[in-house]
Amino acid sequence: MAHAYTPGLKVAARVHHRLRRALPLPGDVLVEVGQRVAARDVVARALLPGPVTPLNLANQLALPPADVPSCVLKRVGDPIAEGEVLARTKGIFGLFKSEYRARTSGIIESISEVTGQVLIRGEPQPVQVLAHLPGEVTEVLPAEGAVIEAEVTLVQGIFGIGGETYGSLHVLPHDADLVPELLTDEMRGAVVAAGGRVTHAALVKAVELGISALVAGGVDDQDLKQFLGYD
């Protein structure tokens with residue numbers, strides 16, 4: 001079992017690394033070829049369409065779906081604020097009118113006379129892509145992002161948890177297990193690497209100290225399960 005995994009992972013003291021940083025949807029690129037960037041610099045940004053909230057006004061106002069458009073006080077493309085009157089029935093001889101107040105803010109995206117539904121699109125959510133790698137922009141990807149290159153120390157892993165992060169590098173003895181006693185306040189915001197196994201207690205202390213990341217030679221499955229709270 002000691003040789004069950006032979007992924008051919010790379011460990012290099014010095015290597016030229018090329019990193020592609022791209023948005024999940026078209027947006028604005030904020031850097032140029034030849035520009036030097038830091039890990040925290042924003043290279044591209046975009047607006048992610050907000051969530052859609054469906055409102056069945058035919059049910060809410062006890063109307064036939066075909067009558068809904070004439071009762072809606074807004075048009076497609078108009079903004080609506082939470083608590084604002086969105087629709088009002090004509091009532092009987094002008095009396096006994098019913099109204100519906102919006103429970104969310106956004107933009108009216110559609111009004112259907114077939115289903116009696118109104119769709120409200122929420123505020124767009126900003127999306128940013130950071131450089132992540134200090135280096136030089138060698139290529140701009142129009143409306144997407146950029147390619148960044150740098151000379152780096154590379155330690156390739158087989159899996160990770162917690163997403164992308166960055167920080168100054170602290171390297172512990174290559175044969176040392178990552179135990180709580182090796183983690184100190186000076187490592188706050190840093191990436192700490194060691195060749196041995198990381199323990200559950202070390203993971204907990206790293207969170208308490210505000211360490212950005214731990215890179216280790218391995219982890220016991222029970223320690224990982226205990227830390228994550230699931231198998």
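Two strands count as paired when DSSP finds at least two bridges between them. With that in hand, hello everyone, and let me walk you through this predicted model.

I'll start with a small sheet. Three strands, in the order β14-β15-β17, make an open sheet with parallel pairing. Its edges are β14, residues 169-171, and β17, residues 213-215, and each of these pairs on one side only. Neighbouring strands here are turned against each other by 20° on average, if you ignore direction. Looking at one pairing in detail, β14 and β15, the latter covering residues 191-193, run parallel and are joined by three bridges. If you want a residue to click on, try Leu 169: its bridge partner in β15 is Val 191.

Now to a helix in the same part of the chain numbering. Which residues of helix α3 are buried? In this helix, residues 200-209, they are His 200, Ala 202, Leu 203, Ala 206 and Leu 209. An α-helix has 3.6 residues a turn, so residues three or four places apart point the same way. And what do the buried residues of α3 pack against? Their partners are β16 (197-198), β17 from the sheet we just saw, and α4 (221-228). Just after α3 comes Gly 210, with a positive phi of about 80°.

Let me zoom out for a moment. The protein chain has four helices and 18 strands. Its radius of gyration is 27 Å, well over the 17 Å that the globule rule gives for 231 residues, so the chain is more spread out than a compact globule. Along the principal axes, the C-alpha atoms fill a box of roughly 85 × 45 × 35 Å. As for burial, 31% of the 231 residues count as buried. The chain exposes about 14500 Å², and carbon and sulfur atoms supply 54% of that. Of the contacts between residues at least 6 apart in sequence, 56% join residues at least 24 apart.

To get a feel for distances, take Ser 112, in the loop between β9 (106-111) and β10 (117-121). Ser 112 and Gly 195 are 83 residues apart along the chain, and their C-alpha atoms are separated by 61 Å. Closer to home, the Ser 112 side chain reaches the backbone nitrogen of Thr 115 at 3.1 Å. Leaving out residues up to four places away in sequence, Ser 112 touches Pro 65, Pro 69 and Gln 117.

Leu 73 makes a good companion example. You'll find Leu 73 in the loop between α2 (68-71) and β6 (79-80). Its C-alpha atom is separated by 5.3 Å from that of Ala 87, 14 residues away along the chain. Besides Ala 87, the contacts of Leu 73 beyond four places in sequence include Val 85, Leu 86 and Arg 88. Is Leu 73 buried or partly exposed? Its relative accessibility is 45%, so Leu 73 counts as partly exposed.

Next, a second sheet. This one is open too, with three strands in the order β2-β4-β11 and antiparallel pairing. Here the edge strands are β2 (28-29) and β11 (125-130), each pairing on one side only. Two bridges link β2 to β4, residues 42-48, in the antiparallel sense, and Val 29 stands opposite Ala 44 in β4.

My last stop is Arg 21, which lies in strand β1, residues 11-22. Why does Arg 21 count as buried? Because its relative accessible area is 8%, and the cut-off for buried is under 20%. A polar atom of the Arg 21 side chain lies 2.8 Å from the backbone oxygen of Leu 130. Arg 21 also has a list of contacts beyond four places in sequence, among them Val 43, Val 129, His 132, Glu 144 and Glu 164.

One of those contacts, His 132, deserves a second look. His 132 sits in the loop between β11 and β12 (135-141). Although not a glycine, His 132 has a positive phi of about 70°. With a relative accessible area of 21%, His 132 is partly exposed. Ala 143, in the loop between β12 and β13 (145-155), is another non-glycine residue with a positive phi, near 65°. At 36% relative accessibility, Ala 143 counts as partly exposed.

That's my tour; happy to rotate the model while we talk.

Notes
Residues numbered from 1 in each chain as written. Heavy atoms only, no water. Axes fitted to C-alpha atoms, helices over the stretch in contact; angles between N-to-C directions. Buried < 20%, exposed > 50% of the residue type's maximum accessible area, 1.4 Å probe, protein only. Contact = heavy atoms within 4.5 Å. Polar contact = N/O pair within 3.5 Å; in protein donor to acceptor, adjacent residues only side chain to side chain. Rg over C-alpha atoms; globule rule 2.2 N^0.38 Å. Areas by Shrake-Rupley, 256 points an atom, 1.4 Å probe, with all protein chains shown as cover.
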